[in-house]
Amino acid sequence: MKLELQGISKAFGSFYANEDIDLVVEEGQIHCLLGENGAGKSTLMNVLYGLYEPTAGRILVDGKPVVFRGPGDAMAAGIGMVHQHFMLVPVFTVAENVALGAESTKAGGILDLEVTRKKIREISDKYGFDVDPDAIVEDLPVGVQQRVEIIKALVRNAEVLILDEPTAVLTPQETDELLDIMRQLKSNGTSIVFISHKLREVKAVSDVITVIRRGRVVGDAPPEAETTELASMMVGREVKLTMDKEPANPGEATFKVKNLSVISSTGQRVVDDLSFEIHRGEILAIAGVQGNGQTELTEAILGIQDRVTGSITLEGKELLGRSVKQVLGSGIGFVPEDRTVDGLVPEFTIAENLVLDLYDKAPFAKGISMRPAEVKKNAESRIAEFDVRTPSAENLASSLSGGNQQKVVMARELSRPLRLFIASQPTRGVDVGSIEFLHRRIVEERDGGTPVMIVSTELDEVMQLADRIAVLYKGRLIGIVGADTPRDVLGLMMAGVSPGEAEGSHQDNPDDMEGDFA
Amino acid sequence: MSQSELSPGVPPPTHANTINEQQHGIWVRITQGPGLVSVLAVFVALVLGGLLIAATDAKVATTAGYLFSRPSDFFSALWAAGTDSYVSLFQGSIYNSRQGFAPFLETLTVSTPLICAGLGVALAFRAGLFNIGAQGQIIIGSIMAAYAGFAWHLPFGIHLLVVIFMGVLGGAVWGGLVGLLKARTGAHEVILTIMFNYVALYFLDFLLNTKAFQRPGETNPISPILDPSAVFPALPGSRLHLGFVMAILLTILVAWILNRSTIGFEFRAVGANPAAARTAGVNVARSTILVMAIAGALAGAAGVAQVAGTEQVLTAGIAASLGFDAITVALLGRSTPWGTFFAGLLFGAFRAGAVTMQISTGTPIDIVLVVQSLIVLFIAAPPLVRAMFGLNRKSKNKHPKTPKHAAPAPAAPASQGGGA
């Protein structure tokens, strides 16, 4: 099936999220849409999937114009979409999820899941998905849940599959598996629209790359194009993909974690006997696949985990057992992993968000009376310093793009003298241009002599920022290695292989991918 | 450049909106949406109320019988029935030639407890709490204030202050208990406040049947009259008392707390995003207890205004339906202090004028309750009101009106520049 978009525009008020976009997806091709966050990739796909009505332009399937009034129309025309955030019912089985919305029934309207189960097994066998139709979705790993989404589309006879940032939630190994699946689907004649901002994956799997910037098509590129060239097309200017940072100049170890264990509310030991130290003027990156105890580790330091044992000391003072306010007050800057959940109050103004954890401190408050003039002054200088793109400090935080929201959080946490800086996923969902800026600020903080802890599931980010890398797996520390450790060794460690073994198997298989970033 | 960095006003429907976030969005829209919706809701409710009055009017019914022979009769009767009631409502609540502005003073009197309790509900709304316990908080406040007013005999000046303090304290404790239970056990404040309302209501009934609260020598469920030293001084020739000044001061106080104080910042942060508030070091449990205590204190002040101002005795009906009207007042006022103040005045005017309306036009008082309920109904469904006035057009991007078959490639605004 050949899919064409002709002159698609989508406006929200006076803002054009897509403007005059032409795109041709040939049968059996993997067509990549490359662009920064907020470039309009998702909007375009929502138009294609019938969720938005285009302001102008038309969609052609096999040369015939079509109009989609909703996802149902798009599905009927053979278009399937796997959203970045899965649309699955967690407590349903795989078969129930796949059947949902297209249930087969026996006489009398009784649900017939056997038909669905059979289809799932067929597809699963054909592509080596290894999915049990009767497994409960919430028990499955993220990578398998994603396959369920793909099965959902294939069961509905999708000939064009849209994958919206599919690798954002996957481990490096799962990512490689997904790329294999995509190649298989392609060889079976399925076309794939692959949305991503990760150049490594895009180059590895695409047949054609279309770069989108600020709602417009900038141009097409072959997958052989240089990484730097693609990045420049995406951002619209020269970008440095590698950080040139000075080697660390570590001082004394001031932040010490000893035998730290955290028990979750469900009774699981999510952080298991962790011990590490961070020196002044050094960045320790905590690497690991999402959900291996990183969140709980940072929350334990911040003081919002209840069942914690061990010891966390900063400059000799014990932090365990203190309130969040006291922990922050002891000189810790904290960037939580999910800015919209933990880092910002979307309904507050940018100025208010910039003092979210400083509102009761001088100069922003005197007694219990706040001083709006100081809050405003602070906002203006932070906005200028961090180049937050907003018409005014009085705009709501929810009006900002992800990258600018993250700048607000970082600006707030870096705006005072720190004894320790902790940032989780400092650049998640942030565009390439902002990543460069935020990374530079983190390194500046390090160079100022602050111990820095970065938690990231993005291996590229870890390798760029870290002076040392600590790998977590199932709450345990697999090892602390140097920043020059090869990528696939880290990948193995993230899967629980000890550093020694990982090193060994790396020798056997030394093909390392190059040009990684973002 | 900066244009493209700003995310569009309409978020893609497919993204991380969990059900909770959507519900939160609806909650914020209903409790804290734009004031325009309030104004339109009042307008629509009044029009519907007018039609309802007209529909039950005898003359309208008669003229409808010969609608086709003389339609003008019908329409003039319709207009007269609808407007006459509102004119007398106005005369009973603001001004009439016979009494001058005396009705307006009555409006202010009736508004006083509505404003105080409404502020309590509004404050809790802003902190993300649905305080429907104003009723119980008013009752407990009234009990404490009344007891201090008739049982203790203190010097002039001090006595009133003690009465106010006791009433406010009673409300604060009753509200604070809800906050404490929610913070410590995670119980939902709606269930808690409903149950606390019942407890307060029947506790009052019980007290009024005890010797301590009955008039000496009587068995009726009514308390002794409060000491003259324990009541608000009133404006001569009216029922308007100094409690109204208290309501104004409380409005200013709540406005200051919400917008200019650190605790108000905490309340709003907890209300809008408790997770972020906690991460920023706000003690969410303490904030919940504090906001419920202050909300209760404000409702307690409404109780004081009732026993030490308007009624001057404690009866089983002391709180009437004030606590529930306070919810509607806070909703109509969009949970802002001054919005609540003026919404309280409006509802006070309805209450004050309804009596005159019934006497002069025969329209039952209950029609005012219908109008009040309609107002809340429209506020609770903002898209309905916006749809009525055609304010929804901008966001109608999901439902294509015209098929796009015929649309030739790009339209004007999109064709300014080439693609690749």
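Two residues are taken to be in contact if their C-beta atoms, placed from the backbone, lie within 7 Å. With that in hand, a good place to start in this predicted model is A:Gly293, which sits in the loop between β13 (283–287) and α9 of chain A. Setting aside neighbours within four places in sequence, A:Gly293 touches A:Val270, A:Val271, A:Leu472 and A:Gly475. The contact with A:Leu472 bridges 179 residues along the chain, and the two C-alpha atoms end up 7.2 Å apart. A:Gly293 has 26 C-beta neighbours inside 10 Å and so counts as buried.

A:Val271 also leads into a sheet, as the bridge partner of A:Val262 in β12(A). The sheet is open and has four strands in the order β12-β11-β14-β15 (chain A), with antiparallel pairing. Its edges are β12 (269–279) and β15 (317–318) of chain A, each of which pairs on one side only. Helix α9 (residues 294–302) of chain A packs on this sheet and touches β11, β12 and β14 (307–314) of chain A, its direction making about 65° with that of β12(A). Strand β11 (residues 253–263) of chain A and β12(A) run antiparallel and are joined by seven bridges. Besides the A:Val262 pair, A:Ala253 has A:His279 as its bridge partner in β12(A). The hairpin made by β11(A) and β12(A) leaves five residues between the strands, and there A:Gly267 takes a positive phi near 90°.

Further along chain A comes helix α17 (residues 487–494), which is mostly covered, with six of its eight residues buried. The buried ones are A:Val489, A:Leu490, A:Gly491, A:Leu492, A:Met493 and A:Met494. After α17(A) comes A:Gly496, with a positive phi near 100°.

Some of the backbone geometry in chain A deserves a second look. Most residues other than glycine have a negative phi, and most peptide bonds are trans. A:Asp20 is not a glycine, yet its phi is positive, about 50°. This residue, A:Asp20, belongs to strand β2 (residues 15–25) of chain A, and it is buried because 24 other C-beta atoms lie within 10 Å. A:Arg214 likewise has a positive phi of about 50° without being a glycine. A:Arg214, however, lies in a loop, between β9 (208–213) and β10 (216–221) of chain A, and its 19 C-beta neighbours inside 10 Å make it partly exposed. Then there is a cis peptide bond, from A:Ala362 to A:Pro363, with omega near 0°. A:Pro363 is in the loop between α12 (350–353) and β17 (365–366) of chain A.

Chain B is a helical affair, with 17 helices and zero strands. Of its 420 residues, 48% count as buried. Among contacts in chain B with a separation of 6 or more, 77% come from residues 24 or more positions apart. Helix α15 (residues 337–361) of chain B has 25 residues and spans 35 Å from first C-alpha to last, close to the 36 Å expected at 1.5 Å a residue. Even so, α15(B) bends by about 35° at B:Gly353. Following α15(B) is B:Gly362, with a positive phi near 80°.

As for confidence, chain A has a mean pLDDT of 88, and 96% of its residues reach 70 or more. The weak spot is residues 510–518 of chain A, where pLDDT stays under 50 and the model has 20 contacts beyond four places in sequence. Where pLDDT is low, the predicted coordinates should not be read in detail.

Definitions and conventions. Residues are numbered from 1 along each chain as its sequence is written. Chains are lettered from A and ligands numbered from 1 in the order in which they are written. This is a predicted model: local features need pLDDT of at least 70, side-chain atom pairs count only at pLDDT 80 or more; totals for chains, interfaces and linings use all residues. pLDDT is the predictor's confidence in each residue, from 0 to 100. Two strands pair if DSSP finds at least two bridges between them. Helices (H or I, at least four residues) and strands (E, at least two) are DSSP runs, numbered from the N terminus. Axes are lines fitted to C-alpha atoms, for helices over the stretch in contact, and angles run from 0 to 180 degrees between N-to-C directions. The expected span of a helix is 1.5 Å times one less than its number of residues. The bend at a residue is the angle between axes fitted to the seven residues ending there and the seven starting there. A residue is buried if 20 or more other C-beta atoms lie within 10 Å of its own, exposed if 12 or fewer, and partly exposed in between; C-beta atoms are placed from the backbone.
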